[in-house]
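The following exercises are to be worked through with the structure in view. Each task is followed by a solution in steps.

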Amino acid sequence: MLTGSKYGLYIFFCVCFLSAGNAFAQPSDSVGTNRPFTEFWTKPLIIPKLGVGVQDRLFVEMGIQWHTIYRHPLTLISKGPYCTVDLFIKQSNVLVGPKLGYEFTAGLLGAAFDVTYFMDHNYNAEGANRKAWVATPKVGLSILGFADLFYGYSIPISDERITSISRNRFSLVFNINTYYFDLKGAPRKR
């Protein structure tokens, strides 16, 4: 039977034991914020998209992309719609192709799909012009979405065709997103 000072000592040890967990516990709002590998999407950013390619002849690709990056402990994922222009020049013939598309990359693999409106100026001796729509699915290798080496196959989707270029195309495109250089400090999507 507990009496006098022994009963008070027992209560003191029980109170100390039960409150020790609360006294030395980490606050709940700071849990998980200091992990070495956090997963997050960056805020979307309009970036320059520049590249070169070959489709029977060399071409240059220039434009912009609404680009966002997902940081994961194992890899980076990037995605976004883009608006670019392909420019082919061969002697006096100029072939211009504004296009809209969407690109998705995950680590070392990537895919894209775009629709291009080709305008072939002075394609024959009389100086006639022709215009055609083309859909191009693309797949290939990617360096975390920063640089993409893609193979694409152009599928005509209009009655008029551009026969001066091949349907097969290879392109090397760079997505110049400044978040790649300081991903930890990049603004995050909420």
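**Exercise 1: Strand E2 and its partners**

Leu 50 stands opposite Met 62 in E3. The model is a predicted one, in which local features need pLDDT of at least 70, side-chain atom pairs count only at pLDDT 80 or more, and totals for chains, interfaces and linings use all residues. Residues are numbered from 1 along each chain as its sequence is written, and side-chain values use heavy atoms, with hydrogens and water left out.

Task: Determine which strands pair with E2 and in which sense.

Solution.
1. Strands (E, at least two residues) and helices (H or I, at least four) are DSSP runs numbered from the N terminus. Two strands pair if DSSP finds at least two bridges between them.
2. E2 and strand E3 (residues 58-71) run antiparallel and are joined by 10 bridges.
3. Three residues lie between the strands in this hairpin, where Asp 56 takes a positive phi near 75°.
4. E2 also pairs with strand E10 (residues 168-175), in the antiparallel sense, over six bridges. Here Val 54 stands opposite Phe 170.

**Exercise 2: The surroundings of Pro 48**

Task: Establish where Pro 48 is found and which residues it is in contact with, leaving aside neighbours within four places in sequence.

Solution.
1. Pro 48 belongs to strand E2 (residues 45-54).
2. Contact means heavy atoms within 4.5 Å. On that basis Pro 48 is in contact with Gly 63, Phe 174, Asn 175 and Ile 176.
3. Gly 63 is 15 residues from Pro 48 along the chain, yet their C-alpha atoms are separated by 5.9 Å.
4. The relative accessible area of Pro 48 is 38%. Buried means under 20%, exposed over 50%, and partly exposed in between (1.4 Å probe, protein chains only); Pro 48 is therefore partly exposed.

**Exercise 3: The nonpolar core**

Task: Identify the residues of the largest nonpolar core and the contacts of Val 134.

Solution.
1. A nonpolar core is a set of buried Ala, Val, Leu, Ile, Met, Phe, Trp, Tyr and Cys residues joined through side-chain atoms within 4.5 Å.
2. The largest has eight residues: Phe 59, Phe 88, Leu 95, Phe 118, Ala 132, Val 134, Ile 162 and Ile 165.
3. Apart from this core lies another, of six residues, including Leu 76, Tyr 179, Tyr 180 and Leu 183.
4. Not counting residues up to four places away in sequence, Val 134 touches Asp 114, Val 115, Thr 116, Phe 118, Ser 154, Ile 155, Pro 156 and Ile 157.
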